[in-house]
Amino acid sequence: MSTIEMTLAGFGGQGLLFAGKMMAYAGLIDGKEVSWMPSYGPEMRGGTASCSVVVSDTAIGSPIVTEPDVLIAMNRPSFLKFIDAVKPGGTVIIDSTMVEDRPERTDINFFAVPATDIAEENGLKGLANVILVSKLNKELGIVSDESLKAAVPKCVSLRHQDMLEYNKQALEIGAQQ
Amino acid sequence: MKGNEAMAESAIRAGCRFFFGYPITPQTEVSAYMSKVMPKIGGLFLQAESEVAAINMVYGASSAGARVMTSSSSPGISLKSEGVSYLCGSDLPAVFANVERGGPGLGSIQPSQSDYYQATRGLGHGDFHVLVYAPSTVQETADLIYMAFDKADEYRMPAMLLTDGMIGQMMEPVVLPDPIEKLPEKPWATNGTGMKRVHNISNSLYLDAQKLEDIVVNREKRYDKIRATEQKYEAYRTEDAEIVVVAFGASARISRNAVDAAREEGIKAGLFRPISLWPFPNDALLEIAKSARTFLSVEMNMGQMVDDIRLAIHDTRDVNFFGHTGGVIPQSSEVLACIQKLEAGEHVHMVPFHSRYTGGDQ
Amino acid sequence: MAETEELKVVRPHALTDVPFSYCPGCGHGIVSRALAELIDEMGLEGDTIGVCPVGCSVTMYDFFSCDMVEAAHGRAPAVATGIKRVLPDKFVFSYQGDGDLASIGMAETVHAATRGENITVIFINNAIYGMTGGQMAPTSLPGQVTQTSPYGRDVKVAGYPIRVCELVSQLDGTAFAQRVTVDTPAHVNQMKKAIKKGIEYQQQKLGYSIIEVLSPCSTNWGLDPVGAMKWLRENMIPYYPLGVYKDVKANKEA
């Protein structure tokens with residue numbers, strides 16, 4: 001791997017920005033170059049929230065990803081908006097609880113994970129984002145598993161330290177998908 | 001840390017205890033961070049009623065001797081330009097940041113570098129300059145804002161951090177500078193005579209034309225010293241470069257990747273990155289022009305830096321241009337395509353409209 | 001041998017030896033002097049930072065011996081805010097005319113007041129732009145002839161004058177607002193007392209205080225000094241009634 005460019009997108013509140021931060025932090029712990037860039041402005045209000053994450057062995061140019069190697073889509077508008085931008089040979093993971101569509105493209109690796117349902121079944125409401133990130137890392141090994149685990153306490157705010165254990169559970173469940 | 005947050009924290013570590021803000025995208029994190037931290041450290045965050053009021057509060061606080069800062073984005077900087085002119089006219093130090101967005105007018109809220117002329121030519125009326133620093137990483141955002149406070153005090157003039165929505169919003173690892181221990185003395189401050197000295201005056205009005213000329217000429221001597229000693233830049237793979245890309249801030253990050261890709265193809269490309277936009281790093285660029293064959297300016301605007309490059313190299317080489325504007329981000333593949341054209345002996349002057357709608361061709 | 005008491009007029013220490021640049025018959029000199037006397041009497045000179053405006057008092061920094069800051073047009077309350085926030089224990093005043101305070105600087109005025117900014121504002125209302133040569137001001141009276149209202153201020157076109165004390169007294173941050181004038185010695189004494197109160201309220205950290213002084217501009221009104229005082233009495237005072245519009249201490253005591 002030299003450079004992996006990721007787009008994570010969904011509704012505001014689904015935790016896509018948080019999930020992106022986890023990947024970036026894990027990359028940082030692995031000693032890689034990383035960047036994290038949110039979309040901002042009116043589009044963040046109630047609509048689709050997305051962020052770009054780049055994990056690389058070399059210095060990162062633009063932190064804004066326009067042709068991602070990886071797309072995680074947690075709602076239908078995000079899936080429709082970004083599916084065609086994914087590089088041929090890229091990886092697409094959707095939360096199939098939220099997105100019924102399937103890609104017409106055949107030149108990508110596609111995974112449908114009912115992450116929201118899985119999270120609820122396991123008493124981990126709101127952690128579908130973490131399940132998807134874990135699934136992604138299982139498939140592509142972008143960062144080490146240890147680093148991904150170690151990134152959790154770095155990303156969870158002080159106010160939400162009680163969520164640490166749930167996040168770790170979500171990582172484990174995601175890796176089993 | 002986000003670029004904007006790193007900026008705010010580093011400013012605090014540089015001794016800034018007064019921040020006067022007004023909300024505008026994409027700089028709002030600076031204000032938000034200040035409002036969170038300042039009350040806890042005995043500092044002040046005050047949300048002003050306008051950009052105009054904010055910069056004039058900065059003027060008052062600076063006059064009183066404090067390290068003080070404000071930040072905004074392009075449309076707000078236009079409003080602040082009045083106060084910046086007064087700060088310069090009264091020889092008061094202050095630091096302000098422009099997290100640029102597309103313009104003119106309300107423009108867009110996406111990253112841009114289209115305030116280059118405004119920043120480097122004249123940010124307000126009158127004969128004056130402000131120090132302008134353009135970071136290209138979150139780390140450099142922290143480093144340069146810290147330095148900006150020192151330079152502003154040293155030269156008793158405003159210093160601006162010219163960044164953009166990309167550098168401001170993105171998150172990268174950053175090592176923050178240590179908190180400053182000792183702030184410089186300011187015997188000129190209007191903080192009360194204590195009946196121990198003649199009164200200090202902060203003023204930019206001189207009804208006697210000759211007196212004003214003397215003062216402006218004297219200030220220019222200070223500017224000459226700055227031009228001679230404060231040029232900052234980074235030269236990357238330029239030693240043997242035939243094609244030199246010139247880019248600052250966000251567009252320099254993108255250009256660096258293109259230069260690396262070109263080198264892999266055996267093209268002798270390099271990157272010259274101005275860090276101080278005023279003073280512009282003329283001397284180093286002129287030196288590079290002795291061995292380089294041609295230059296390519298890459299900007300997120302319509303080519304506002306081209307003039308400065310031409311002046312720096314005394315027009316001895318071609319200066320080509322590639323850019324995007326309005327908040328559209330150039331791709332390193334596009335920059336690479338331009339470098340390849342230059343390698344083939346062609347000229348490049350790509351305006352964004354063409355490059356966008358004809359797939360990168362002229 | 002009859003003893004004669006010598007009446008000595010002493011220049012306040014808070015004034016430099018630079019002579020005022022105001023026109024004969026102007027009210028600025030009276031107010032500036034009263035302020036300087038108060039700075040002396042209250043022992044404040046070493047702890048005072050004054051902010052002067054753009055207008056006839058623009059070079060006031062040359063007249064006062066305390067530290068002085070020249071503000072951009074209308075921005076004196078913002079500049080004073082910056083100073084006061086850095087130096088909360090010093091006495092900070094701004095001195096502004098009607099164009100500066102109530103037109104271009106109205107936003108700064110209203111917001112400094114509503115923030116309860118602990119500064120003292122001395123507001124010279126002479127119903128005209130003096131320094132630029134007699135244009136219509138936000139406080140010019142209906143029908144008043146000026147260079148830019150040559151047929152008299154037509155309220156259908158130019159709108160109505162602003163009554164500043166009435167306006168800022170509505171704001172919770174305003175501690176003290178009084179309108180005074182300088183047409184008689186008694187009124188001059190009242191003016192000085194009002195400014196003193198404004199200073200004291202600042203020392204007690206009560207918030208924003210404003211002393212509006214109705215002041216003659218014989219030059220731009222086109223009247224001799226005595227005629228200007230008469231015009232002020234007959235035209236300005238009826239439109240801008242004198243009195244205390246806000247006094248947080250009086251309200252509490254009542």
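Here are some numbered notes on how the chains, and the two domains of chain B, meet in this predicted model.

1. First, the ground rules. Local features need pLDDT of at least 70 and side-chain atom pairs count only at pLDDT 80 or more, while totals for chains, interfaces and linings use all residues; side-chain values use heavy atoms, with hydrogens and water left out. Residues are numbered from 1 along each chain as its sequence is written, and chains are lettered from A, with ligands numbered from 1, in the order in which they are written.

2. Which chains should you look at? Two pairs of chains touch, and chains B and C have the most contacts (contact means heavy atoms within 4.5 Å). Chain A and chain C don't touch, their nearest C-alpha atoms being 27 Å apart.

3. Now the contact of B with C. Chain B puts in 33 residues and chain C 34. Between them they bury about 2500 Å², 64% of it on carbon and sulfur atoms (buried area is the accessible area, with a 1.4 Å probe, that two parts lose on being put together, summed over both). On the chain B side, Glu49(B), Met195(B) and His199(B) lose the most area to chain C, together 20% of what that side buries.

4. Glu49(B) is worth a second look: it forms a salt bridge with Arg115(C), the closest N and O atoms being 2.9 Å apart. The rule (a side-chain nitrogen of Lys or Arg within 4 Å of a carboxyl oxygen of Asp or Glu) finds three salt bridges across this interface of chain B and chain C.

5. There is strand pairing between these chains too. E7(B) and strand E2 of chain C (residues 67-70) pair in the parallel sense over two bridges, and Ile201(B) has Met68(C) as its bridge partner. Strands here are DSSP runs of E, at least two residues, numbered from the N terminus, and two of them pair if DSSP finds at least two bridges between them.

6. Inside chain B, the assignment gives domain 1 (3-191 + 218-229) and domain 2 (234-357); such bounds come from an automatic or database domain assignment. The C-alpha centres of the two domains of chain B lie 27 Å apart.

7. How do these domains of chain B meet? In domain 1, 33 residues are in contact with 27 residues of domain 2. The two domains bury about 2400 Å² between them, with 56% of it on carbon and sulfur atoms. Three salt bridges cross this domain interface. Arg273(B) also forms a salt bridge with Glu140(B), with 2.7 Å between the closest N and O atoms.

Note on methods:
Helices (H or I, at least four residues) and strands (E, at least two) are DSSP runs, numbered from the N terminus.
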